[in-house]
Amino acid sequence: MHLRINTLLNQPPTGEKVEVAGWIRTRRDTGGFSFLEVNDGSCLANIQVIADKDLVNYEQDIKRLTTGCSVRIEGTLQASPAKGQAVELLAGRVEVVGWADPETYPLQKKRHSFEFLREITHLRPRTNALGAVARVRSRLSFAVHTFFQKRGFIQVHTPIITTSDCEGAGEMFQVSTTRPHGGAGKAEAAEEFFGRRAGLTVSGQLQAEVYALAMGDVYTFGPTFRAENSNTSRHLAEFWMIEPEMAFCDLRGNMRLAEEMLKYCLTDVMDNCAEDMELFDRFIEKGLLEKLRGVTGQDFAHITYTEAVERLQGCGKTFEFAVQWGIDLQSEHERYLSEEVYKRPLIVTDYPAAIKPFYMRVNDDGKTVAAMDILVPGIGEIVGGSQREERYDVLEARMRAAGIDPAEYSWYLDLRRYGSVPHAGFGLGFERLVQFVTGMANIREVIPFPRTPGFAPC
RNA sequence: UCCUCGGUAGCUCAGCUGGUAGAGCAGGUGGCUGUUAACCACCUUGUCGGCGGUUCGAUUACGUCCCGGGGAGCCA
C-alpha cells in the first residue's frame with residue numbers, strides 16, 4: 001500500500017520501509033545515482049527519491065525516466081543531507097508503471113503559459129499552479145459546505161434542467177430531444193420531452209425559495225449555465241454557484257451572512273492550504289495573502305446606490321460612462337469605489353427597481369429595491385443578492401410590469417399566497433471566489449474543465 | 001457581440017523598408033560522487049494560424065475567417 005506524499009513529508013525519517021506512487025517531475029543524474037522528483041498531487045511539494053546505480057533496472061529503466069512517467073517506488077524514508085528538503089526516499093525498488101515519451105509529452109519541467117496549458121486541459125493538473133488551484137478549489141468547496149452546515153442550513157439540490165427562467169440572469173441553453181432537422185413541421189412543443197420548453201438552469205434561486213419557505217435556512221451549491229456570448233476573464237458558460245436562501249430574514253441579515261461566509265472561507269483556506277497559498281502569493285499575485293488578511297480583518301464597507309452615485313458624481317474623476325441615477329453602475333465605477341475609495345470589499349445596496357429583477361423587494365420609497373451587490377477589488381461583483389418580494393400583490397404587479405405572465409409562475413406566487421414570510425438570499429459565483437482567493441487572472445484556470453464560447457474540448 | 005494587440009521550432013520569443021528564418025529552454029548523445037531552474041560539450045527540429053487575391057517573388061503589404069491576450073457590454 002502506498003502512502004500519500006503529503007503525509008510522508010510530514011513524517012520524521014524513521015528509516016521505515018514505505019511506498020509512494022506518482023508522476024516524475026524531473027530526473028537529475030549525478031555520477032553513481034539519480035535524483036527523482038515525484039509528485040502525486042497530494043501536495044505542492046515533490047518527494048526527492050535517491051535511485052542508486054546498483055538498482056537492478058537502473059540502466060534500462062531509471063535512466064530513461066522523464067517528466068510525466070508514472071512510477072511506484074519502495075524505499076526508506078531518511079533525513080536529507082542537503083538543503084531543500086527535510087526528508088527523502090532512498091529507493092529500494094523503482095517500478096515504471098507508465099512511460100511518457102519525451103518527444104511528444106507536452107509538459108516540460110519548466111514554466112508554461114496558462115494559455116498553452118489550456119490547450120492541454122487534460123494534462124494541466126499535473127503542473128504546480130493548476131494542481132494548487134485544484135486543491136484550493138476543493139478546500140473552498142468543503143469550507144462552503146462546512147460554513148452552512150455548521151449554521152444549520154439544509155442543502156437543497158435544485159434542478160439542473162428547468163422550465164422557469166430566472167429573469168435577468170441571462171440566456172438559457174435549450175434542452176431538447178428533438179433534432180434540429182427532424183421536426184418535419186410538426187408541432188414542436190408537443191414533441192418536447194417535458195411537454196414544454198426546457199433549459200439548463202441559470203440560477204437555483206426560485207427553487208431554493210420554495211425550500212426556504214418550508215425549512216427556513218437552505219442553500220444550493222451546484223452548476224449553473226449561461227448561453228451568453230461573453231468572452232472575458234470573469235465569465236464561463238458553465239460555472240458553480242452558491243445560493244443561500246433564508247426565511248424570516250431581511251437584507252441586513254443577508255448581508256451579514258454573506259460577509260461572514262466570505263471571511264470564513266478565506267480564513268479556512270489560508271489555514272489549511274498554506275503551502276499552495278504561498279505559491280499564489282509568490283508567483284501569481286504578489287501581496288495576495290496581505291490582501292486576503294485585509295478582507296478577513298476588517299468590516300466590509302457599506303454604501304447605498306444613491307450615495308454611490310453622488311459620490312461618483314462629486315469625485316472629480318472623469319469616467320468613460322457618465323454616472324446618473326437610474327443607470328446601473330459600470331465596471332469602471334465599481335472598480336473606482338472598491339479599489340480606490342474603500343480599498344476593501346464594498347456592499348452597494350438599494351438599487352433602482354427599474355434595473356433589477358421582479359423578485360427583489362420594493363423599498364418604502366417605491367423607487368428602489370432591497371438589493372445588495374458585494375464588490376471586491378480586482379474581481380468586481382462577486383455576490384449579488386436581495387430581500388425577496390413577499391407581498392403577493394406587489395410581486396404580481398412587478399411581474400406584469402416586467403412582461404412576465406403570472407400564470408407561468410403560479411407556483412412561485414403560491415409561496416406568497418400561503419404562509420408568506422420575508423426572506424432573502426444571495427448568489428455567489430464559486431469560480432470568482434476561487435479567483436479572488438488564488439489571484440488567478442483568468443477564470444478559465446480556476447475550473448477544471450472550462451466552457452466558453454467555442455471551447456469545450458473534453 | 002464591440003474596441004484593441006497578437007498568432008514564427010515541442011515551449012517562450014527575435015526577425016529593419018517584400019528575396020522561403022534564428023536564440024534560449026525542452027528533446028537526443030556523451031561527461032560529472034548530492035543535485036534541486038543542476039552543470040559542461042556536441043546534435044536534431046519549422047505547411048512563419050487557415051483560405052483567397054496582389055506581385056517575378058509574401059513570414060513580411062492587402063482581404064477574410066479561426067484562435068489567444070487586454071479592455072468593454074451582459075452578468076456570477
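**View 1. A salt bridge between two helices of the predicted model.** The side chains of Asp276 and Arg135 come together in a salt bridge, with 2.9 Å from N to O, in a structure that is a predicted model. Because Asp276 belongs to helix H7 (residues 274-284) and Arg135 to helix H3 (residues 128-150), this pair ties together parts that are 141 residues apart in sequence. By the rule used here, the count of salt bridges comes to 25, and the pair of Asp276 and Arg135 is one such salt bridge.

**View 2. The two domains of chain A.** The domain assignment divides chain A into domain 1, which covers 5-98, and domain 2, which is made of 124-160 + 202-445. When the centres are taken over C-alpha atoms, domain 1 and domain 2 are separated by 45 Å. Where the domains meet, eight residues of domain 1 are in contact with seven residues of domain 2.

**View 3. The interface of domain 1 and domain 2.** The size of an interface is often given as the accessible area lost when the parts come together. Between domain 1 and domain 2 the buried area is about 650 Å², and carbon and sulfur atoms give 43% of this area. On the side of domain 1, the residues that lose the most area to domain 2 are Trp23, Arg25 and Leu44, which together make up 70% of what that side buries. Across this interface the rule finds zero salt bridges, but five residue pairs, with both residues at pLDDT 80 or more, are in polar contact. Sorted by class, the side of domain 1 that touches domain 2 has four nonpolar, three polar and one charged residues.

**View 4. The protein surface around RNA strand B.** RNA strand B is surrounded by 45 residues, and the closest are Lys83, Glu88, Asn229, Thr232 and Arg432. By class, the surface near the RNA strand has eleven nonpolar, 18 polar and 16 charged residues. Elements that each supply at least two residues of this surface include strand S1 (17-30), strand S2 (33-39) and helix H2 (114-119), and strand S11 (238-247) and strand S15 (380-387) do so as well.

**View 5. Polar atoms beside RNA strand B.** Among the atoms of RNA strand B within 4 Å of the protein, 50% belong to sugar or phosphate, while the rest belong to bases. At a phosphate oxygen of the strand, a polar side-chain atom of Arg118 lies 2.5 Å away. At a base oxygen, the partner is a backbone N or O atom of Asn231, at 3.2 Å. A polar backbone atom of Glu381 is 3.3 Å from a sugar or linking oxygen of RNA strand B.

**View 6. The surroundings of Arg64.** Arg64 is found in the loop that runs between strand S3 (47-52) and strand S4 (70-79). The side chain of Arg64 reaches the backbone oxygen of Gln60 at 2.9 Å. If its neighbours within four places in sequence are left aside, Arg64 is in contact with Arg27 and Trp99. Although Arg64 and Trp99 are 35 residues apart along the chain, their C-alpha atoms are separated by 9.2 Å.

Technical notes: Residues numbered from 1 in each chain as written. Chains lettered and ligands numbered in written order. Heavy atoms only, no water. Domains from an automatic or database assignment. Contact = heavy atoms within 4.5 Å. Buried area = accessible area lost by both parts, 1.4 Å probe. Salt bridge = Lys/Arg side-chain N within 4 Å of Asp/Glu carboxyl O. Polar contact = N/O pair within 3.5 Å; in protein donor to acceptor, adjacent residues only side chain to side chain. Nonpolar A, V, L, I, M, F, W, Y, C, P; charged D, E, K, R; others polar. Near = heavy atom within 4 Å. Helix = DSSP H or I, 4+ residues; strand = E, 2+ residues; numbered from the N terminus.
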